[in-house]
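User: Hi! I am new to reading protein structures and would like to go through one step by step. Could you help me?

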Amino acid sequence: MKVKRLHLEEANRFAREIGDHSDWVQGGGGNFSIKMNNGYMLIKASGFSLKDVNQKQGLVMVGADRVKKYYQSLNKKKITVALENKSVKEIAKQTTDFLNVGNIRASIETGFHAFLQTYVLHTHSVYANVFTCSKKGEERLQNIFSSTKIRIAWVPYASPGFGLPRAIELVRIKFIRTTGLEPHVFFLENHGLIVQADTVNACLGLHKSVDRILRIALNTKAVFAKLTVPETVDRSLFEPILFPDQVVYLNGKKKVDLGSNRVMKETAIAYLFIKQQILKMGGVLNPLEKKSVVFIKKMESEKFRQRVL
């Protein structure tokens, strides 16, 4: 099945306009999707840094309608590591490596993309995560956006992969029933944000607007770009654990050897920024629960991301 040149150009635009900003996406984090008119969607491949995605690599095609039906068929199933790992295989069946790259799979967050609008962008914005990783983050965000025309929804923490689509869809349905409208933005507790729209311009523009509003609220400009970390640091510097990618890339030995590893350094700097800004605004850290950390460590899809990067 052939992908239209327009969709490839749009994918390239997402990668170029978002991928070079390590305050928005770090390492292999973040993703985007583009729904096509045949029940399929174009989505970033797992493990690829957004900045490395282009029209020749880092993209796969997924049967969005079939993925959506699969998730809906398991709505009442208890979320376990076994079910999570099984869902990876099911999504693989609906994935086409149309660029013939080999050893490639769809983003672990393919599920929620299938439920949302035509253009979907998910980032791990450090400015958003100052709020999503702090106590009373939802309340603060509602206050910030109450004077804007941007409709936001808060999604309680759910594990990346199978749990997150279910959590997002529950929030989305409730929001629509209450307001009659789709949310523009989903803020994911201890994770990041998602913006959705009907055009690529609107999607990218919405993300930039949200970013500007959050920066103003935090009263920060270029602070993030000035942060650096030594090559070797004690793991205690990265405690408590605030978000999933921290588990994937930094939660290892007592001494964390960052070396020249871009992925680990970007994740480390993001963590330090988020932690500093939460404390600076007088907030309280909202760490991941131990059971959530254990769950992430057992996810086959997260182990794959570690191997790829």
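User: Let's start with asparagine 143. Which helix is asparagine 143 in?

Analyst: Happy to help! Please keep in mind that this is a predicted model. Asparagine 143 falls within residues 137-145, and that stretch is helix α6.

User: Is asparagine 143 buried or exposed?

Analyst: The value to look at is its relative accessibility, which is 52%. A residue counts as exposed when this value is over 50%. Asparagine 143 is therefore exposed.

User: How far apart are the C-alpha atoms of asparagine 143 and asparagine 103?

Analyst: Along the chain, asparagine 143 and asparagine 103 are 40 residues apart. In space, the separation of their C-alpha atoms is 45 Å.

User: Now the rings, please. What kind of aromatic pair do phenylalanine 14 and phenylalanine 32 form?

Analyst: Good choice! The whole structure has 8 aromatic pairs. For phenylalanine 14 and phenylalanine 32, the centres are 4.9 Å apart and the planes differ by 20 degrees. Planes under 30 degrees apart count as stacked, so this pair is stacked.

User: Which parts of the chain does the pair of phenylalanine 14 and phenylalanine 32 tie together?

Analyst: Both phenylalanine 14 and phenylalanine 32 are buried. Phenylalanine 14 sits in residues 5-19 and phenylalanine 32 in residues 31-35, so the pair links parts 18 residues apart in sequence. Those parts are helix α1 and strand β1.

User: What about tyrosine 127 and phenylalanine 273: what kind of pair are they?

Analyst: Their ring centres are 5.7 Å apart, and the planes meet at 85 degrees. An angle over 60 degrees is the cut-off that matters here. The pair is therefore edge-to-face.

User: How many residues apart in sequence are the parts that tyrosine 127 and phenylalanine 273 tie together?

Analyst: Tyrosine 127 belongs to helix α5 (residues 126-132), while phenylalanine 273 belongs to helix α11. Both residues are buried. Because the two rings pair up, they tie together parts whose separation in sequence is 146 residues.

User: Let's finish with cavities. Which helix gives the most to the lining of the second largest cavity?

Analyst: The search of the whole structure finds 2 cavities of 30 Å³ or more, and the second largest has a volume of about 50 Å³. Its lining includes Thr267, Ala270 and Ile274. The most, 3 residues, comes from residues 262-280, which form helix α11.

User: And how many residues of that lining are polar?

Analyst: Among the lining residues are Gln26, His124 and Asn129. The lining divides into 3 nonpolar residues and 1 charged residue, while the number of polar ones is 5.

Key:
Residues numbered from 1 in each chain as written. Predicted model: local features only at pLDDT ≥ 70, side-chain atom pairs only at ≥ 80, totals over all residues. Heavy atoms only, no water. 1 Å grid on protein atoms, 1.4 Å probe; cavity = no way out; pocket = protein on both sides within 12 Å on 5 of 7 lines; lining within 4 Å. Points joined across faces, edges and corners; volume = space filled by probe spheres on them. Helix = DSSP H or I, 4+ residues; strand = E, 2+ residues; numbered from the N terminus. Nonpolar A, V, L, I, M, F, W, Y, C, P; charged D, E, K, R; others polar. Buried < 20%, exposed > 50% of the residue type's maximum accessible area, 1.4 Å probe, protein only. Phe/Tyr/Trp six-rings, centres within 6.5 Å; stacked < 30°, edge-to-face > 60°.
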